[in-house]
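Okay, thanks for making time, everyone. I'd like to walk you through a structure that's probably new to most of you, so have a look at it first.

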Amino acid sequence: MTARRGGADRQRGGATVCLLAVGLVFVLVAVAGAAAGAARTARQQALVAADLGALAGAGRAVEGDASACARAADLVSRNGGRLVACRLDGLDVLVTAEVVVSPLPGLTRLATATARAGPVRG
């Protein structure tokens with residue numbers, strides 16, 4: 001009877017270690033999912049900033065490069081981005097915006113997007 005009891009004592013806590021390991025896996029998967037979600041959100045924010053910047057710049061395209069790009073830069077920054085590039089192609093405005101994202105502590109990435117806006121062509 002003592003042999004049985006000694007064998008049971010050696011097995012004590014095994015389920016706890018397995019449960020902690022499974023819990024750690026769940027936490028790591030959740031952190032990875034949150035990081036991916038933050039990156040996707042930053043990409044969408046960069047797309048919106050570039051689109052709105054291009055539309056705003058297109059409204060001032062007839063005034064020239066400086067005016068169109070200044071207006072685009074203003075709207076890009078108001079949407080949490082930074083204007084990387086802006087140029088006129090006829091009356092079309094091409095805007096590239098970037099947004100800084102930190103999906104995990106100590107990890108910083110840039111989400112970049114480009115948009116084009118101009119008059120409707122028939």
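Let me start with a question: which residue does Arg-116 form a salt bridge with? The partner is Asp-92, and the closest N and O atoms of that pair are 3.1 Å apart. Before I go on, please keep in mind that this is a predicted model.

So where do those two sit? Arg-116 is in strand 3, which covers residues 107-117, and Asp-92 is in strand 2. That's a separation of 24 residues, so the bridge links distant parts of the chain. Now, are the two ends buried or exposed? Well, it's a mix. Arg-116 has a relative accessible area of 47%, so it goes down as partly exposed. Asp-92 has just 7%, and because anything under 20% is called buried, that's the label it gets.

Let's stay with Arg-116 for a moment. What else does it touch, once we skip the neighbours within four places in sequence? The list is Ala-54, Asp-89, Asp-92, Val-93 and Leu-94. So our salt-bridge partner Asp-92 shows up there again. There's also a distance I noted down: from the C-alpha of Arg-116 to the C-alpha of Leu-88 is 9.6 Å, and those two residues are 28 apart along the chain.

Okay, let's zoom out. How many helices and strands are there? Three of each. And if you read along the sequence, the order is α-α-α-β-β-β, with the helices followed by the strands.

What about the overall shape? The radius of gyration is 27 Å, whereas a compact globule of 122 residues would come out near 14 Å. The C-alpha atoms fill a box of roughly 95 × 30 × 15 Å along the principal axes. As for burial, buried residues are 25% of the 122. The accessible surface is about 8200 Å², and carbon and sulfur atoms hold 61% of that. And on contacts: take those with a separation of 6 or more, and 46% of them are between residues 24 or more positions apart.

Now charges. There are 14 positive and 8 negative ones, and their mean positions lie 17 Å apart. How many salt bridges does a search of the whole structure find? Five. You've met one, so here are a couple of others.

Next is Glu-98 with Arg-82, where the closest N and O atoms are 2.3 Å apart. Glu-98 belongs to strand 2, residues 92-104, and Arg-82 to strand 1, residues 82-89, so this pair ties together parts 16 residues apart in sequence. Glu-98 is buried, at 11% relative accessibility, while Arg-82 is partly exposed at 47%.

Then over to the helices. Arg-71 makes a salt bridge with Asp-74, and the closest N and O atoms there are 3.0 Å apart. Why does about one helical turn separate them? Because they're three residues apart in helix 3, which spans residues 65-78. Arg-71 is partly exposed at 28%, and Asp-74 is partly exposed too, at 25%. One more thing on this pair: salt bridges with shared partners join Arg-71, Asp-74 and Arg-78 into one network.

That's my tour. If you open the model later, try starting from Arg-116 in strand 3 and finding your way across to Asp-92 in strand 2. Thanks, and I'm happy to take questions.

Note on methods:
Residues numbered from 1 in each chain as written. Predicted model: local features only at pLDDT ≥ 70, side-chain atom pairs only at ≥ 80, totals over all residues. Heavy atoms only, no water. Salt bridge = Lys/Arg side-chain N within 4 Å of Asp/Glu carboxyl O. Helix = DSSP H or I, 4+ residues; strand = E, 2+ residues; numbered from the N terminus. Buried < 20%, exposed > 50% of the residue type's maximum accessible area, 1.4 Å probe, protein only. Rg over C-alpha atoms; globule rule 2.2 N^0.38 Å. Contact = heavy atoms within 4.5 Å. Areas by Shrake-Rupley, 256 points an atom, 1.4 Å probe, with all protein chains shown as cover. Lys, Arg positive; Asp, Glu negative; His and termini not counted. Charge placed at Lys NZ, Arg CZ, Asp CG, Glu CD.
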